[in-house]
Amino acid sequence: MSAPLIMHQVDTSFLRRLRAHDQSAWFELWEAFGPVIRAMLARWGGGRLGEETLRDLTQDTLAALDHSIDRFDPTRGVRFSTWLLAIAKHVLGDEFDRRFAQKRGSGRRGVSLDDTWMGQSREATPDVEYERRILGAKIHAAVRATQKCCEFVHFEAYRMRVLESKPGRDIGVLLGVSEPTVTRHCQRVRTVLRDSLRTAVEEWSFTDDERSEPRDAGLVADDAAFDDALGEIWRAQEELLLRDLAMRDAMVRDDRSTDH
Amino acid sequence: MTELDLAAAAPDILTRFSALGPLAWVLSAVGVIAASAALIAFGMVLTRLGVAVALLFAHIGKAVRGFGGDLVRFIGGFIVSLLLLPVALARLVMLKPVPARACLHSSWRELRDAGRALISALLLRPLQLLGFSSIVGHVAARLPVALDGKEHTSLRSDSAVFEGYTVLRELARGGSGARLLVAQPDDRTRRRISLAHGLVVIKSFDFDEGTRLAEMLRESRSLDSARTLGLVLDHEASQRRFHYVMRYYEGVDLGKFVRTLHETAASANVDAHAFDRTPGLDRERLVLVTSLVRDIVATLRDWHGAGLMHKDIKPENAIVHEGRATVVDLGLVTPLASQMTLTTHGTEYFRDPELVRQAMRGTRVSEVDAARFDLYGAGAVLYFVLEGTFPAHGVLSRFRKESPACLQWIARRAMAEFDARYANADEMLRDLDHAIFGGDPAAVRPADLPSMRSGVEEAKSDEERFLDATLRSDSVRTPVPPPDATTSTRPTLRLINWWTGAYRVETVRPLPQEPPAVRPRALAAAIGVLIMALLALGAVVGIAATLTNQ
């Protein structure tokens, strides 16, 4: 993957909030990217990590982010997604080191984060699926923010129309309103969603190519194209989440059978 | 005296009796009252005796039925355990030790169950028939523990001794680290705590067993709150330990219950998985699980009304008992007016993200409408019962299985943004009632829900109302109007295959009423009244006869 190093406004407000140890910023980060980190850790773990361990490691990843945020140097041109990935890998590597060390009979060695993950790490190579997950997480965060701002009925109309691809007439019947009213509800939500998406991408992007991802994905277009692109990304993200869920269920089943 | 003599003497007796004047009237009145009382008391005695005989037959029938069931379980278990042995041997020959071990394990389990059934048939049922129900209850509770070989030595230790209670077994510990002990109160304690029947669960905190001070303090605060609701029957504190006693509901938690329902539904619909959307629960099961969520929301309404929040609503904290869901675990119960800051305690996916956000800001409980945090949990539980899994993304979680739009709507509304969700448990309860009491939630649109009707109708223009009516008439069935909630029925489960555990959900059958109990005191009182009335009648006749003869 190319690594454009053209940086501008890298010290975003979000990064400032993280550095200031703003609890709500950290919570936002956890809420948006926790599932992505957990899914990637599960994938790398190759079935060797139980549900509880995964949860702990995801928290460890964010704790490592917290510890290293002051030393983060944005001028090296690292993407936000790569930054997250490198730290998650570091935490996972530490977990495996600890397990091997325990097998050999020694204790746990302390976590030490060197600065290699700030550049383009050779090991932490983000793949297409990972980048899709990160973009999906940003869109998820934007939709969540939109849901908070909009009226419940309006948002539900939009969700059914765009995210579930239901015809406007059916939605009207379910909600007891006419089809034009459904269209008006959707328009209101769409306007808010465009703003939320812009904010989310701005907050969680450190490089220009990250910022251009929504445009490349068709999310900066007329209403119909915007809805189509959003619905498509959303459903693809859902598929990934379903896969994660199936993997988690399999893990839980394995844990149970081990217990028995 | 013959009948003829009596007939001849009657006018004479009456004349002499009338001559007694006012005394005759008094004696007549007393005689009539005594005779009436005697008749009524006699009727009561007959009724009570009739009920007693009927219950005796029912008792015998129940014991015989139980005996037959035990016998069938014994034979079935024994045969299956024998059949599994050659299978295990074959797997061992095929060099598959792990499946062979699993097979042996299953065989042992079947044999153990068969043993339990045999003991029950030969020992417990006859005892039950003879009226030793309390002994049977005790043995039935201890037998599985003894057969499993998981007897906790600590159950016999001092830490598990509670005056007035016999500890039967220990449940798995919850998040608070307390021990949960199922116990049977003795008769004196039963009278003291006003518990006529059933077992209790003792939640015990002990510094010597690793309980931390913070946990104990938190629990004691919850205890204060729970006492106001009458949920705590008894409690005691000492230097190192404190415990409290609640009623024990024998049943399965809602999580296990729902997972089993979904597994059986999935196996029944195995061919339907080829379709795009996964089939969900059928109508009867849907109504059943939704009515269980309704029970939880109704409990929340009462708690919130009493100024308390549960703070940890999740499927594992609801016990399905006799077709109803009971909310348990009072560990995080908090007064809504508390001046304490909110904490992030709770369970992931069932805990409101807004609660976490507010807790991080250091908000006090009394500064927010904290009852709505419980409503989020109730919405998440509704999602769980419809989907068989937790809502991984809160209100944005997708419904993968087919379920009625109105129930999905209610779940989302409860999990919506803090200000957009239901204002209170009562509002959610009304929507749930409307959805399920018609018997077919699929026929109810979100627009028909009580919480929606007022707002939407006001906002609609005449044209929209016309369009609405037109669209509804040709595409959506008119929902069945909900009957009176007090006369509604709830589905029940009937086991149809004891071996596979398959069961049938039966609806539209009224809940069985409590059987008319024969109360020995009432019977004794009726007999007493009868005797007194007869004596009084005899005395009146005797006095009248004496006076007349004089």
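How exposed is B:D302? B:D302 is partly exposed, with a relative accessible area of 45%. Here, buried means under 20% relative accessible area, exposed means over 50%, and partly exposed lies in between (1.4 Å probe, protein chains only). The areas come from the Shrake-Rupley method with a 1.4 Å probe, and for residues only the protein chains shown count as cover.

The model is predicted: local features need pLDDT of at least 70, side-chain atom pairs count only at pLDDT 80 or more, and totals for chains, interfaces and linings use all residues. Residues are numbered from 1 along each chain as its sequence is written, chains are lettered from A and ligands numbered from 1 in the order in which they are written, and side-chain values use heavy atoms, with hydrogens and water left out.

Salt bridges were considered next. A salt bridge is a side-chain nitrogen of Lys or Arg within 4 Å of a carboxyl oxygen of Asp or Glu. The count comes to 31 over all chains. B:D302 pairs with B:R301, with the closest N and O atoms 3.7 Å apart. B:R301 is partly exposed, at a relative accessible area of 35%.

Helix α6 of chain A covers residues 152-163. Helices are DSSP runs (H or I, at least four residues), numbered from the N terminus. The expected span is 1.5 Å times one less than the number of residues. For the 12 residues of α6(A) this gives 16 Å; the end C-alpha atoms are 15 Å apart, which agrees. The helix is mostly covered, with 10 of its 12 residues buried. Among them are A:F152, A:F155, A:Y158 and A:L163. Just after α6(A), A:S165 takes a positive phi of about 55 degrees.

Within this helix, A:E156 and A:R159 form a salt bridge (2.5 Å, N to O). Both A:E156 and A:R159 are buried. They are 3 residues apart and so separated by about one helical turn.

A similar topic arises in chain B. B:E354 bridges to B:R357, the closest N and O atoms being 3.0 Å apart. These two residues are 3 apart in helix α9 (residues 353-361), and therefore about one helical turn separates them. B:E354 and B:R357 are buried. Elsewhere, salt bridges that share partners join A:E156, A:R159, A:E164, A:K166 and B:R412 into one network.
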